[in-house]
Structures are given as structure tokens and as C-alpha cells.
Amino acid sequence: MPGHPSDENWIGRRIASLRRERGWTLAALGERVGLSTTQLSRIESGSRQSSVGTLIELARVFQVTLSELVAEEPTLAFHLVRAAEQRRHGSANGAMTPLSGNYPGIDAVLLTIPPASDAPTANHAGEEWLYILDGSVEVTIGNDSVRLETGDALHFPSLNAHSVRALGDEPARALLVSTTSRTH
């Protein structure tokens, strides 16, 4: 596939490529992930960034890990991410740095959430565990909201509608680990 993950629209092109490999139309993929054809077209073209939740759901539908969806290199016997080699990708939630490999059980990302950012709502199969490395965030799950500070952790079923937003004037950094429930 042409391009490189450091390109601004690497993820959009990867989503389009996976969709075409499966012979799916935008409408067919949209039905599977709960997005309109317009939203998917904008994601594929790069005019809109996906939320991490949407990327997790797309990975589930394509039956790949989140790392496989956003990274260019396959994992062999193990997956190592050196600090100097981490690749950040933009998302609607902020900067996302994949930390896990191409194994089917979990996806781990470092999420840097800018202050005063929108908090896109997500819901997808599996569970999420969120650990706050720096800053403060507000997590909304259904109708409940909870404030998390540095060192706090939260675990919840991700089928519930949820969102995360930074509080204060500084970016928040969080480790996000999600399980996948894929069928092969």
C-alpha cells in the first residue's frame, strides 16, 4: 500500500484499503460500524479524524487489531515499541500513540488529549481500562460522569456510550487499554 503512517491521512487510506479488500461499499461499512457514508467518506479522505472509539470499532469490524489498523509493520513473535520510535497519529480525541502489537486480545494506546477539546462519544464491543498519567479528565459513561486525576484508573464495558475530555489548561495523557471481541 502506498504511503507511510507519518502521512497525515495514513489511517484514512488504510480504512479505505481494508474496505475495498473486503468488497464493501461505504454504506455496507457504515451499517457495520454505525456511521453514515458521509462520515466514512470524510474519514477515508482525511477531511475528518476518527475518534479512538471509532477506530476500535473499525478494527473490530475489519477483524484486525487497532495496531494493525494504524501501523505499517506486522508483528512477529513479539511487539516492541521503543520510546524513540513511537508513532503518533491524530484522532478526534487527540494524539494517539499505539503501544500494543498485532495480537487479538487487547489494544493499548497512549492518548494525549488537548485542553478544551470536544469529547466525541464512542461505543464498541469489549472493555476499556483508562489510567491517567498526567492531568485531569472527565469520563462520561451513559448518564454518569467521573473526574479522574493523575494516577486514577477506570475500567468499564465499552458497549456503553462513553467519552473522555481533558479538564484544565494543559493536555492530559492517559494509557487506554481496550479488549477486542473479534470472531474469526
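Trainee: Which residues of helix H2 (residues 26–33) are buried?

Mentor: This is a predicted model, in which local features need pLDDT of at least 70, side-chain atom pairs count only at pLDDT 80 or more, and totals for chains, interfaces and linings use all residues. Residues are numbered from 1 along each chain as its sequence is written, and side-chain values use heavy atoms, with hydrogens and water left out. With helices taken as DSSP runs (H or I, at least four residues) numbered from the N terminus, and buried meaning under 20% relative accessible area (1.4 Å probe, protein chains only), the buried residues in H2 are Leu 29, Gly 30 and Val 33.

Trainee: Seen down the axis of H2, within what arc do its buried residues fall?

Mentor: The arc is taken from the directions that run from the helix axis to the C-beta atoms. The buried residues of H2 line one face of the helix, because they fall within an arc of 105°.

Trainee: Which helix gives the most residues to the largest nonpolar core?

Mentor: A nonpolar core is a set of buried Ala, Val, Leu, Ile, Met, Phe, Trp, Tyr and Cys residues joined through side-chain atoms within 4.5 Å. The largest has 38 residues, and Leu 29 and Leu 69 are among those touching the most other members. With 7 residues, the helix that gives the most is H4.

Trainee: What is the volume of the largest cavity?

Mentor: A cavity is a set of points on a 1 Å grid, over the protein atoms alone, where a 1.4 Å probe fits but cannot get out. Volume is the space filled by probe spheres set on the points, joined across faces, edges and corners. The largest cavity has a volume of about 100 Å³.

Technical notes. Buried means under 20% relative accessible area, exposed over 50%, partly exposed in between (1.4 Å probe, protein chains only). Helices (H or I, at least four residues) and strands (E, at least two) are DSSP runs, numbered from the N terminus. On a 1 Å grid over the protein atoms alone, a cavity is a set of points where a 1.4 Å probe fits but cannot get out, and a pocket is an open set with protein on both sides within 12 Å along at least five of seven lines; lining residues have an atom within 4 Å of a point.
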